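Q: Could you take a close look at one part of this model with me? I would like a connected account rather than a list.

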Amino acid sequence: MRKNEAKWVESRQRWQINVQVDGERKTFTSTVTGTKGKVAAEKAADKWVETRHTKDVRFEKLWGVFLEEVEKTTGTANYKKHESIGRLWLLPEVGHRKLSKITNEHWQNCVNAAYEKGLSKKTCSNIRASITAVYGFAKKRRAPLDRPEDIAIPKQAPVGERNILQPDDIKKLFANDTILHRGGQVPCFFIHAWRFIVLTGLRRGELAGLQKGDIKDRVLYVRRSVNSENEITGGKNDNAKRYIVLSERQKLVLQEQADLLKRNGIVTTWLFPGRDGRMVSPNRIYDNWCTFRKQYDIKASIHEMRHTTVSVAMADVPEQLLKRMVGHSKSMDTFGVYGHDVKGEMQRASDLLDEVFSRIIDDD
């Protein structure tokens, strides 16, 4: 327990309190005058001491501080994912338990509970990832939480069914550019965005984050992504930042997109903006696709367009090149100086991909 109190430092016009746990020292301050400022500084100090002290606390307390850290240091979407997993699967099983009393069996019960409710293998994996994340958080604070080991994902957990665009679906996408609206056919604003996703394997958040400055000498650099909360991030993972040597068909779609923006009087730095010229929400790209695919009887979701790229290309494009294009493989030195042989290989991959789609789209 903390024994000292915050003191008012006149020279700095603030409340200040110093606390120490196991040789680690930290200062907390508040510039709010009066008792409120004193209480605020002491409250912040108490919270820090509590999470770093080796004494036992109940998991629900540690989880609350963990969520605060996640909210401060990562995107809102990531916070919401952890918050939901904790509320639904972790807290019911271990929330009331002292940290030192939590065992691997308890963690496994969390995963099993989701499985027994019929949730997918992906959800079970996400629960395990949250468990690993909160353990890392606890370890940094010397909290007595044992390392979770061998948490198994039930083999019978269902794998979400994945659809891809079949050849006829791809033809529909590239042959039609209107959508039904209020009883009439109108030009589809996001048609080139969807086509570009299929041709490149981009995630819709990555597509929403593309800017004109990301293209240099026929090379498209994937530098950022937009999440479901419309926050700009560095991408889904370390492999997300990559480059794509543009093929002729990909360049044609980009030119058609530029023409569409010009016809609509849209001046913007974004390659695929919203109708107002601003950064588009990935959700808007998704919502419009749902309308388009229903009209043209296409089953694949917007994310499954990305799977389409991999599926149609895997027989013709070398695996490692394909992985590099869609962000599944670690880049050699992200956006560094690539050798001519590597760029040559990526050009070859783009040309091969062009041939694959030409056989589908141009086939009569």
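In which crossing, left-handed or right-handed, does H6 pass H7?

A: Happy to walk through that with you. This is a predicted model, and in it H6 passes H7 in a left-handed crossing. Two packed helices are described by the angle between their axes and the distance between the axes. Here helix H6 covers residues 167–175 and helix H7 covers residues 191–200; their packing angle is about 140°, and the axes lie 10 Å apart.

Now for the residues that meet. From H6 come Leu-173, Phe-174 and Ala-175, while H7 brings Ile-191, Trp-194, Arg-195, Val-198 and Leu-199. Sorted by class, this contact of H6 with H7 has seven nonpolar residues, one charged residue and no polar ones. Arg counts as charged, so the charged residue in this contact is Arg-195.

H7 also takes part in ring pairs, and a search of the whole structure finds 13 aromatic pairs. One of them involves Trp-194, which we have just met in the contact with H6. Its partner is Phe-292: the ring centres are 5.1 Å apart and the planes stand at 50°, so this pair is tilted. The cut-offs behind that word are simple: planes under 30 degrees apart count as stacked, over 60 as edge-to-face and the rest as tilted. Trp-194 in helix H7 and Phe-292 in helix H10 (residues 282–295) are 98 residues apart, and the pair links distant parts of the chain. Both Trp-194 and Phe-292 are buried.

A second pair starts from Phe-196. The rings of Phe-196 and Phe-272 have centres 5.6 Å apart and planes at 35°, so this pair is tilted as well. It too links distant parts of the chain, with Phe-196 in helix H7, Phe-272 in the loop between H9 and H10, and 76 residues separating them. Phe-196 is buried, and Phe-272 is buried too.

Finally, a word on confidence. The protein chain has a mean pLDDT of 86, with 88% of its residues at 70 or more. Among the elements of the chain, helix H9 (residues 248–263) has the highest mean pLDDT, 96, and helix H12 (residues 319–326) the lowest, 69. Over residues 329–341 the pLDDT is below 50, although this stretch has 20 contacts in the model beyond near neighbours in sequence. Where pLDDT is low, the predicted coordinates should not be read in detail.

Technical notes:
Residues are numbered from 1 along each chain as its sequence is written. This is a predicted model: local features need pLDDT of at least 70, side-chain atom pairs count only at pLDDT 80 or more; totals for chains, interfaces and linings use all residues. Side-chain values use heavy atoms; hydrogens and water are left out. Axes are lines fitted to C-alpha atoms, for helices over the stretch in contact, and angles run from 0 to 180 degrees between N-to-C directions. Helices (H or I, at least four residues) and strands (E, at least two) are DSSP runs, numbered from the N terminus. A crossing is left-handed if the near helix is turned anticlockwise from the far one by less than a right angle, and right-handed if clockwise. Contact means heavy atoms within 4.5 Å. pLDDT is the predictor's confidence in each residue, from 0 to 100. Rings of Phe, Tyr and Trp (its six-membered ring) pair if their centres lie within 6.5 Å; planes under 30 degrees apart count as stacked, over 60 as edge-to-face and the rest as tilted. Buried means under 20% relative accessible area, exposed over 50%, partly exposed in between (1.4 Å probe, protein chains only).
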